[in-house]
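Trainee: I'd like a close look at one part of this model, the place where aromatic rings might meet. Please start from the outside and work your way in to that spot.

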Amino acid sequence: RQSEAALLIQSSFRSFMIRKHYQHAHVAATKIQASYRMHLQLVQFRKDMSGIVKAQSMVRTWLVKQSMMRQSEAALVIENGWMNFVQSRNEKLDRNALIIQKAYRGFSARSTYKNK
């Protein structure tokens, strides 16, 4: 009877120890799994961020190119306006010079004709 009680106590203790060991192993496995899932999420996050950063870079590059094209077109408009202004001013000066030359030649011709 006493040996049966000892066996029952030993069996209960072994069961208790096995349950404790299993609980500890279960907690450890859960922590390992959680750490691994976190690692996978971190790797995926870094891939996603890399793609987002690349996309942002491409959009910024496109925006800068668009801005540069608009500035270049604006510079061409200003340059063409200036060139037209300078050309018209030069043409006006040429016309005025021709008028003065024509008037002087007429005056000179009339003076020569009167003196003869």
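Mentor: About 11300 Å² of the protein is exposed, and 64% of that area is supplied by carbon and sulfur atoms. Keep in mind as we go that this is a predicted model. Just 2% of the 116 residues count as buried. The overall form is worth setting beside that figure: the C-alpha trace spans about 170 × 10 × 10 Å along its principal axes. The radius of gyration is 49 Å, whereas a compact globule of 116 residues would come out near 13 Å. As for secondary structure, the protein has one helix and zero strands.

Now to your rings. Two rings are paired when their centres lie within 6.5 Å, and by this rule there is one aromatic pair. The partners are W82 and F85, with ring centres 5.5 Å apart and planes at 40°, so the pair is tilted. That label follows from the cut-offs, because planes under 30 degrees apart would count as stacked and those over 60 as edge-to-face. Both W82 and F85 belong to helix α1, which covers residues 2-115, and they sit three residues apart, about one turn of the helix.

How covered are the two partners? W82 has a relative accessible area of 51%, so this residue is exposed. F85 has 42% and is therefore partly exposed. The dividing value here is 50%, because exposed means over that figure.

F85 also takes part in a contact through its backbone: its backbone oxygen lies 2.9 Å from a polar atom of the S88 side chain. S88 is in helix α1 as well, and its relative accessibility of 38% makes it partly exposed. From S88 you can get a feel for distances along the chain. A103 is 15 residues from S88 in sequence, and their C-alpha atoms are 22 Å apart in space.

For another phenylalanine, move along to F45, which also has its place in helix α1. At 47% relative accessibility, F45 counts as partly exposed. F45 belongs to a nonpolar patch on the surface, together with L42, M49, I52 and V53, and the five have about 430 Å² of accessible area together.

In that part of the numbering you will also find G51, again in helix α1. G51 counts as partly exposed, at 38% relative accessibility. Measuring C-alpha to C-alpha in the model, G51 is 84 Å from S108, and the two are 57 residues apart in sequence.

So, back at the spot you asked about, picture W82 and F85 about one turn apart on helix α1, with their rings tilted at 40° and the backbone oxygen of F85 lying 2.9 Å from a polar side-chain atom of S88.

Terms used
Residues are numbered from 1 along each chain as its sequence is written. This is a predicted model: local features need pLDDT of at least 70, side-chain atom pairs count only at pLDDT 80 or more; totals for chains, interfaces and linings use all residues. Side-chain values use heavy atoms; hydrogens and water are left out. Rings of Phe, Tyr and Trp (its six-membered ring) pair if their centres lie within 6.5 Å; planes under 30 degrees apart count as stacked, over 60 as edge-to-face and the rest as tilted. Helices (H or I, at least four residues) and strands (E, at least two) are DSSP runs, numbered from the N terminus. Buried means under 20% relative accessible area, exposed over 50%, partly exposed in between (1.4 Å probe, protein chains only). Patches are made of residues with over 30% relative accessible area and no salt bridge: like charges are joined within 9 Å, nonpolar side chains (Val, Leu, Ile, Met, Phe, Trp, Tyr) within 5 Å. Accessible areas come from the Shrake-Rupley method with a 1.4 Å probe; for residues, only the protein chains shown count as cover. A salt bridge is a side-chain nitrogen of Lys or Arg within 4 Å of a carboxyl oxygen of Asp or Glu. The radius of gyration is taken over C-alpha atoms; the globule rule is 2.2 Å times the number of residues to the power 0.38. A polar contact is a pair of N or O atoms within 3.5 Å; within protein, one must be able to donate a hydrogen and the other to accept it, and residues adjacent in sequence count only if both atoms are side-chain atoms.
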